[in-house]
Amino acid sequence: MAAKRFAACFLRLVLISLLVAYSFSLPLNWRSLNLIKKVNRKGPYIGLITVFPPEETAFFQIGAFKPNQKHPSVDLSGRRFLVGKIHDKKVVYVRCGVGMVNAAAATQQMLDLFDILGIVHFGIAGNANSSLSIGDVTIPQQFAHTGIWDWLNPNRSLNYDQVANLDFKRYNVPRGDNLLGHIVFSYEQFFAEYGKANTARPLFWANTTRQWLQVAANMKGIKLNQCLNSSVCLPQKPQLVVGLRGSTANIFVDNAAYRDFLFQTFQVSSVDMESSAVVMTSLSNGFPVIVIRGLSDLAGGQAGHNSIDIFGSLAAINACKVVVQFIKQLHLDTREPGFPRSIHP
């Protein structure tokens with residue numbers, strides 16, 4: 001009899017162990033799902049998304065984020081979502097990782113699983129506009145994904161619908177033919193919550209949320225950092241600029257010729273590797289979104305070494321200062337019509 005009881009107890013332990021192991025192998029294990037439910041009961045939240053560790057360091061250095069004492073974080077798919085408040089506004093923060101795939105994945109996961117009002121994306125960017133300066137913070141009204149290319153045969157004619165064309169032979173020294181031929185910039189395929197199911201429409205410029213831009217426009221007098229320390233300072237006071245254009249691609253731009261091409265062709269003032277993905281994912285799901293980027297370098301327009309290693313941290317701090325002030329100014333008692341909340345667990 002004792003042997004039978006022991007065998008039964010042992011079998012139960014084995015089954016429990018297998019169930020626990022199985023739950024941790026699931027894409028979204030039951031512990032995380034249960035925790036998200038508890039977090040969402042205290043929502044809704046503003047979603048905050050930055051990209052890589054130096055930006056995250058600047059975000060915490062500002063000191064405005066106060067973690068939730070009971071449920072400070074949720075780990076999902078290798079990312080840690082932090083729950084807390086900024087100026088008594090409830091926020092969920094995540095560092096997505098570099099590149100458009102990481103940015104889109106983290107944004108979609110945040111919108112799907114958490115009770116989110118809208119997305120504030122922030123970080124640093126390259127400066128493609130010579131009228132702006134390193135240290136400035138830009139909040140663009142439009143973003144384009146400038147990394148969707150048709151790379152054409154040098155002898156192929158350009159006789160079909162296109163956004164823009166980059167002809168490599170124009171950059172030959174001396175002038176002549178170039179075997180790299182042409183790059184034609186193409187449209188995104190945009191699927192939307194409010195559109196016809198399974199039907200995409202061509203989209204090149206994605207607009208950030210107008211009402212949120214209006215809030216940001218009232219912050220233009222915000223004081224931004226000019227100095228890294230007592231001996232390293234920018235020659236002019238940084239400024240907040242609202243309403244320009246931004247470019248996104250899985251390319252770190254550090255080339256003067258390509259920088260000038262982007263500015264002259266698309267009139268973009270900033271270049272980065274994530275913003276368009278965050279904006280399009282938010283809009284596709286029907287959520288408001290704004291992007292706040294500090295200009296860390298000249299995207300190749302400089303003579304010599306790229307300044308991101310020197311002024312990247314200052315640009316990140318300035319972007320974070322604007323983020324905190326934006327959240328403080330944002331009124332959450334009203335939502336823009338047409339932006340429904342997503343379905344949460």
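Gln267 sits in the loop between helix 6 and strand 17 (270-272), and in this predicted model that spot is a handy place to start. The residue comes just after helix 6, and its phi is near 55 degrees, a positive value in a residue other than glycine. That is worth a second look because most residues other than glycine have a negative phi. As for solvent, Gln267 has a relative accessibility of 41%, so it counts as partly exposed.

A second case of this kind turns up further along the chain. Ala299 is not a glycine either, yet it has a positive phi of about 55 degrees. Its place is the loop between strand 18 (289-297) and helix 8 (308-329). Ala299 counts as buried because its relative accessibility is 0%.

Back to helix 6, which spans residues 256-266. Its N-terminal end is capped by Asn255, with a side-chain oxygen 3.1 Å from the backbone nitrogen of Ala257. Which residues of helix 6 are buried? They are Tyr258, Arg259, Phe261, Leu262 and Phe266. Looking down the axis of helix 6, these buried residues fall within an arc of 160 degrees, so they line one face of the helix. The general geometry helps here: an α-helix has 3.6 residues a turn, so residues three or four places apart point the same way.

Three residues on that buried list, Tyr258, Phe261 and Phe266, also belong to an aromatic cluster. The other members of this cluster are Trp149, Trp151, Phe168, Phe185, Tyr187, Phe204 and Trp205. Trp205 has a charged partner as well: Arg245 lies over the face of its ring, at 3.9 Å from the ring centre.

Across the whole structure, a search finds 18 aromatic pairs. One of them is Phe59 with Phe60, a tilted pair at 5.3 Å centre to centre and 55 degrees between the planes. The two partners fall into separate accessibility classes: Phe59 counts as buried because its relative accessibility is 2%, while Phe60, at 37%, counts as partly exposed. Tyr187 and Phe204 make an edge-to-face pair, with 6.5 Å centre to centre and 85 degrees between the planes. Why does this pair tie together parts that are 17 residues apart in sequence? Tyr187 lies in the loop between strand 11 (182-185) and strand 12 (188-190), whereas Phe204 lies in the loop between strand 13 (201-203) and strand 14 (205-207), so the contact bridges the two. Tyr187 is partly exposed, with a relative accessible area of 35%, and Phe204 is buried, with a relative accessible area of 9%.

The backbone also has cis peptide bonds to report. One joins Gly43 and Pro44, with omega about 5 degrees; Pro44 lies in the loop between helix 2 (30-40) and strand 1 (45-50). Another joins Val173 and Pro174, with omega about -5 degrees, and Pro174 is in the loop between strand 10 (164-167) and strand 11. For context, most peptide bonds are trans.

At the other side of helix 2 is Asn29, in the loop that links helix 1 (2-25) and helix 2. Asn29 is buried, with a relative accessible area of 14%. From C-alpha to C-alpha, Asn29 and Leu76 are 8.9 Å apart in space, with their positions 47 residues apart in sequence.

Zooming out, the secondary structure of the chain comes to eight helices and 18 strands. Of the chain's 345 residues, 48% count as buried. Among contacts in the chain with a separation of 6 or more, 76% involve residues 24 or more positions apart.

How far can all this be trusted? The chain averages a pLDDT of 89, and 86% of the residues score at least 70. Two stretches call for care. Over residues 18-26 the pLDDT stays under 50, and the model has four contacts for them beyond four places in sequence. Over residues 334-345 the pLDDT is below 50 too, and this stretch has 35 contacts in the model beyond near neighbours in sequence. Where pLDDT is low, the predicted coordinates should not be read in detail.

Key: Residues are numbered from 1 along each chain as its sequence is written. This is a predicted model: local features need pLDDT of at least 70, side-chain atom pairs count only at pLDDT 80 or more; totals for chains, interfaces and linings use all residues. Side-chain values use heavy atoms; hydrogens and water are left out. Buried means under 20% relative accessible area, exposed over 50%, partly exposed in between (1.4 Å probe, protein chains only). Helices (H or I, at least four residues) and strands (E, at least two) are DSSP runs, numbered from the N terminus. The arc is that of the directions from the helix axis to the C-beta atoms. A polar contact is a pair of N or O atoms within 3.5 Å; within protein, one must be able to donate a hydrogen and the other to accept it, and residues adjacent in sequence count only if both atoms are side-chain atoms. Rings of Phe, Tyr and Trp (its six-membered ring) pair if their centres lie within 6.5 Å; planes under 30 degrees apart count as stacked, over 60 as edge-to-face and the rest as tilted. A charge sits over a ring if NZ of Lys or CZ of Arg is within 6 Å of the ring centre and within 35 degrees of the ring normal. pLDDT is the predictor's confidence in each residue, from 0 to 100. Contact means heavy atoms within 4.5 Å.
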